[in-house]
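Me: I'd like a close look at one small part of this model. Could you take me through it slowly?

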Amino acid sequence: MIKIKKGRSLILVEVGVVCAIALILILIMPVLLSDFRLNLLGRFLSLAIVALGIDLIWGYAGLLSLGHGIFFGLGGYAIAMYLKLQVPTGELPDFMSLYGVRELPGFWQPFHSFPLSVTAIVMIPGLLAGLLGYLVFRNRIKGVYFSILTQAAIIVFFNFFNGQQQFFNGTNGLIDFTTFPPLSWGVNGSGAIVSDSKTQFVFYALTVVFLAATYGLCRWLTSGRFGRLLIAIRDDESRVRFSGYDPTDFKVLVFAVSGAVAGIAGAFYTLQSGSVSPRSMDIGFSIEMVIWVAVGGRGTLIGAVIGTLLVNYARTFLSEQFAEIWLFFQGILLLIIVILLPDGIMGWLNKQNIPFGKRQKLKLSHTYPSLEEDMEVKHERQNLGN
């Protein structure tokens, strides 16, 4: 009973901390930062959302995906297609006329509707991730083979979107968004101007809210019996199977959730960056996502957020100060972190017995008791000793 009460109190404390940080980001940071820096922070926070999804599958289920840019990009394209259709009735998005398109393609039609577009942002990446996961996991493909397969998948999607000039503007992607009708303070009721600072602040605030909500969802999934089962699958999938569970269903579910989260992140990033292109589905970008989680410490959730902000702010600072050689500094920085902090920042805090880091150690504990702590083993040793 005491343990349950202590667990509940810790949860309440964590909820309070998350809410306090969210309020600071929404109420105080806009006062301290310029519009440009606030927009930059909003982009990084949206990237932190996809990092949480990767930590969910990699840190807890042991699924290293090198192709999460697929789902990130699909979410970005979904909201971008809605924004590009904010043109006078009968007209087409500007780039289509350049390639001789005379009629709006059928798969663009649903994106006239904002509710359908929002649904697509979540459902298309989530369902695609679930389908891909089902095809892979039912054949018991895991480990490095799963990582290679996700990398191959992102090559397919990158080449597809890169080659569809008439439908997605190819390499240039979808750019030049004008109005956002769901916000009603535009001229003559046409919707808010996307690039307006007031509109961008709304996007920033929504990003903070969804980041907090995603953290809460991931914490909820990893805290109870489902979370312990994910860790068991990560540590010894065969033993879980022999215990009567089918790991396939759980892995498909968590991979689908991670894909949907990445789609949401892609949508918010597109709203704040003002464009989406096949570059979001580039292999290098997907590998960067994994690096963010590794730097912060996988299997901790909060480490994914910290790693994302740290790496991206370091990259921004280095690119501003050392425009010609900043990539070398970034590479050296990542090497130092990997060599000196192989378990990430949160793992280092854990080893230093810092209370905040120590609490995260519970998430990294072994699924099964070690031999040193097994009561039967202790009993046998005592009998042999006598």
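Me: In which loop does Gln 164 lie?

Reply: Happy to help! This is a predicted model, where local features need pLDDT of at least 70 and side-chain atom pairs count only at pLDDT 80 or more, while totals for chains, interfaces and linings use all residues. Residues are numbered from 1 along each chain as its sequence is written, and side-chain values use heavy atoms, leaving out hydrogens and water.

Gln 164 sits in the loop between α6 (144–163) and α7 (165–168). Helices here are DSSP runs of H or I with at least four residues, strands are E runs of at least two, and both are numbered from the N terminus. Gln 164 has a relative accessible area of 18%, so it is buried (under 20%; exposed is over 50%, partly exposed in between, with a 1.4 Å probe and protein chains only). Leaving aside residues up to four places away in sequence, Gln 164 touches Asn 169 and Gly 170, where contact means heavy atoms within 4.5 Å.

Now for the surroundings. The chain has 17 helices and four strands, and buried residues make up 44% of its 386 residues. Of the chain's contacts with a separation of 6 or more, 75% link residues 24 or more positions apart.

Elsewhere, one pair of helices in contact is α3 (residues 69–84) and α11 (residues 247–273). Among the residues that meet there are Phe 71, Gly 75 and Leu 83 in α3, and Phe 255, Gly 259 and Tyr 269 in α11.

Technical notes
Axes fitted to C-alpha atoms, helices over the stretch in contact; angles between N-to-C directions.
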